[in-house]
Amino acid sequence: MEAAASGFEAVLQQNPDYFDALAQLAYCKRVEDSKDPLLDRIRAALAIADANSRELLHYALAKSLEDSGSYSEAFAELRSANQLGRQRQGEYGAESFDALVDQVCSELSNSHSVEPVSDQPLIFICGMFRSGSTLLEQMLTSHPDLTAGGESRFFQRRASVPGSLDLPGESLSELGQSYLEELARFSDDVSVVTSKRPDNILHASLLLKMFPHARFLITERELKDNCLSVYAQPFADGQRFDTDMDDIAHQYRGISRLADTLVQNFPNQVLRVSYEELVENPEATLRTALDFLGLPWDDAVLRFHERNNPVRTASLWQVRQPLYQQSVGRWQRFASEPEFS
């Protein structure tokens, strides 16, 4: 983190108006003093930055104020950041999401005579965004028999309508074979490659048609903590639900309904993994997960933070450290805010 901070400062020396670098400085250290000069630097930049940079700066200022214990001020900055995010992304569309969840649940509850692409027990780690999926993948893939495939957007790019078997321009077989070819890039022919993309749960019916022996690890987290974690983090790929607490809660409940339907129809192929249990009792939780995957215990899964593999999600810094529980109950810092009433 010190090296990263030095790098961002070097960028700002060359271009003081490159405010994205200034925003990133806030994530390189814990700002414990409300009079830290970094706060004034961010506030000064907010006065002159464009809308896109202001959005990032508001998030950064919120993070630093929360570090220093200024919770009310921090949440005000989060509101400002998310208002700008909503202007950039547009409205969420709760009714459309409900219709999508209904469609996928219907597909999961009805059998189809489709020729499977592969009988391999592929592994999909999915659920709600910011519910612990990156942490779970990093821990599990420290096992010598597993390899992290990371957060691929393969199905988001190729299957434009989640749950539908009506694929534009290619057959189900072609889609499945293309996915197996992508996995092969990560494989050493010894380990099984995981796919960690939270919203792959929206493609669960499609995945089970192609790969009928697929296994799903669905990460779950307490509602208010999960909603806050989404609200406090900018999303690069525009999920739209992420800029309003009510919309985030709506998305959370829809994902939970999908998880319920998956468990009801494929009980032996789905394991729900609690984020709180994972950080409080990692060994027991991981033993259950490895047993579900048919793998023996290996102590390496508890040393996940020693790995240096690429991680391209907002959870990067968490998975580079030993387990901590500070994020459990985090929402209580903001319990007086109307969004949590």
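**Exercise A: a pair of strands**

Work out in which sense β2 and β3 pair, and over how many bridges.

*Solution.* Start with the pairing: β2 and β3 run in the parallel sense and are joined over three bridges. Two strands pair if DSSP finds at least two bridges between them. Helices (H or I, at least four residues) and strands (E, at least two) are DSSP runs, numbered from the N terminus. Next, look across the pair: leucine 146 stands opposite valine 192 in β3.

A quick note before you go on: this is a predicted model, where local features need pLDDT of at least 70 and side-chain atom pairs count only at pLDDT 80 or more, while totals for chains, interfaces and linings use all residues. Residues are numbered from 1 along each chain as its sequence is written, and side-chain values use heavy atoms, with hydrogens and water left out.

**Exercise B: the whole sheet**

Put the strands of the sheet in order and say which ones stand at the edges.

*Solution.* Step one is the order: five strands make an open sheet, β2-β3-β1-β4-β5, with parallel pairing. Step two is the edges: β2 (146-148) and β5 (270-274) each have a single partner strand, so one side of each has no neighbour in the sheet. Step three is the twist: on average, neighbouring strands are turned by 25° against each other, direction ignored. Axes here are lines fitted to C-alpha atoms, for helices over the stretch in contact, and angles run from 0 to 180 degrees between N-to-C directions.

**Exercise C: around β3**

Describe what pairs with β3, what lies across it and how covered it is.

*Solution.* First, β1 (residues 123-127) pairs with β3 (residues 192-196) in the parallel sense, over three bridges. In that pair, phenylalanine 124 faces serine 195 of β3. Then comes helix α7 (residues 133-140), which lies across β1, β2, β3, β4 (215-220) and β5 and runs at about 170° to β3. Finally, four of the five residues in β3 are buried, so the strand is mostly covered, where buried means under 20% relative accessible area, exposed over 50%, and partly exposed in between (1.4 Å probe, protein chains only).

**Exercise D: two residues**

Decide whether aspartate 199 and methionine 210 are buried or exposed, and list what they touch.

*Solution.* Take aspartate 199, in the loop between β3 and α10 (204-210). It counts as buried because its relative accessibility is 11%. Skipping neighbours within four places in sequence, aspartate 199 is in contact (heavy atoms within 4.5 Å) with Gly127, Phe129, Gln156 and Gln239.

Now methionine 210, which sits in helix α10. Methionine 210 has a relative accessible area of 0%, so it is buried. Not counting residues up to four places away in sequence, methionine 210 touches several residues, including Pro116, Phe155 and Leu172. Its C-alpha atom is separated by 9.2 Å from that of glutamine 177, 33 residues apart along the chain.

**Exercise E: the whole chain**

Count the helices and strands, then find what share of the residues is buried.

*Solution.* The protein has 14 helices and five strands. As for burial, 52% of its 341 residues count as buried. The C-alpha trace spans about 65 × 45 × 40 Å along its principal axes.
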